[in-house]
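The following exercises concern charged side chains and backbone geometry. Each task is followed by a solution in steps.

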Amino acid sequence: MPKVILNGEEKEIPREMTVMELLEEIGVKFREIGLAVAINEEVVPKSEYTTRKVKEGDKVEVVQLVGGG
């Protein structure tokens, strides 16, 4: 199984997968606002979430904004 670095921690994923599939795999719900994904320090446009692949050795950062006061 491919290994990636996800938010600073090594994680095995079942196979190469799209950004959207990875989000589903880790339990993050897609949303237009308040969610950003970077692969190897490059922000992935949301328009590419269904086509951009996460591969062995990629460094992936998933950032979610949380509101509150």
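**Exercise 1.** Which side chain meets that of E21 in a salt bridge? Classify the accessibility of both partners.

*Solution.* The model is a predicted one.
Step 1. The salt bridge joins the side chains of E21 and R15, with an N to O distance of 3.3 Å. This lies inside the 4 Å limit that defines a salt bridge.
Step 2. E21 has a relative accessibility of 30% and therefore counts as partly exposed.
Step 3. R15 is also to be classified: its relative accessibility is 43%, so R15 counts as partly exposed.

**Exercise 2.** Which residue forms a salt bridge with E41? Locate both partners in the chain and consider the backbone of E41.

*Solution.*
Step 1. The partner is K59, and the N to O distance between the two side chains is 3.9 Å.
Step 2. This pair connects distant parts of the chain, 18 residues apart: E41 is in the loop between β4 and β5, while K59 belongs to strand β7 (residues 59-64).
Step 3. E41 is exposed because its relative accessibility is 70%, over the cut-off of 50%. K59 has a relative accessible area of 36%, so K59 is partly exposed.
Step 4. The phi of E41 is positive, at about 70°, although E41 is not a glycine. The loop that holds E41 runs between β4 (35-39) and β5 (42-43).

**Exercise 3.** Where is N7 found, and what is its phi?

*Solution.*
Step 1. N7 is in the loop between β1 (3-6) and β2.
Step 2. Its phi is positive, about 50°, and N7 is not a glycine.
Step 3. With a relative accessibility of 39%, N7 falls between the cut-offs of 20% and 50% and so counts as partly exposed.

**Exercise 4.** Which residues are linked with E48 in a network of salt bridges? Describe the contact between E48 and R52.

*Solution.*
Step 1. The network consists of E42, E48 and R52.
Step 2. Within it, E48 forms a salt bridge with R52, and their closest N and O atoms are 3.9 Å apart.
Step 3. E48 is partly exposed because its relative accessible area is 31%. R52, at 22% relative accessibility, counts as partly exposed.
Step 4. By the 4 Å rule, the count of salt bridges comes to four.

**Exercise 5.** Is D58 buried or exposed? Examine its surroundings for charged and polar partners.

*Solution.*
Step 1. D58 is found in the loop between β6 (53-54) and β7.
Step 2. D58 is buried.
Step 3. The nearest side chain of opposite charge is that of K55, 5.8 Å away, and D58 has no salt bridge. The distance may be set against the 4 Å limit for a salt bridge.
Step 4. A polar contact does occur: the side chains of D58 and N40 are joined at 3.0 Å.

**Exercise 6.** Which residues form a negative surface patch? Characterise E16.

*Solution.*
Step 1. The patch is formed by E10, E12, E16 and E56.
Step 2. E16 is situated in the loop between β2 (9-12) and β3 (17-18).
Step 3. The relative accessibility of E16 is 41%, so E16 counts as partly exposed. Membership of a patch requires over 30% relative accessible area and no salt bridge.

Terms used
Residues are numbered from 1 along each chain as its sequence is written. This is a predicted model: local features need pLDDT of at least 70, side-chain atom pairs count only at pLDDT 80 or more; totals for chains, interfaces and linings use all residues. Side-chain values use heavy atoms; hydrogens and water are left out. Patches are made of residues with over 30% relative accessible area and no salt bridge: like charges are joined within 9 Å, nonpolar side chains (Val, Leu, Ile, Met, Phe, Trp, Tyr) within 5 Å. Accessible areas come from the Shrake-Rupley method with a 1.4 Å probe; for residues, only the protein chains shown count as cover. Lys and Arg count as positive and Asp and Glu as negative; His and the chain ends are not counted. The place of a charge is taken as NZ of Lys, CZ of Arg, CG of Asp or CD of Glu. Helices (H or I, at least four residues) and strands (E, at least two) are DSSP runs, numbered from the N terminus. Buried means under 20% relative accessible area, exposed over 50%, partly exposed in between (1.4 Å probe, protein chains only). A polar contact is a pair of N or O atoms within 3.5 Å; within protein, one must be able to donate a hydrogen and the other to accept it, and residues adjacent in sequence count only if both atoms are side-chain atoms.
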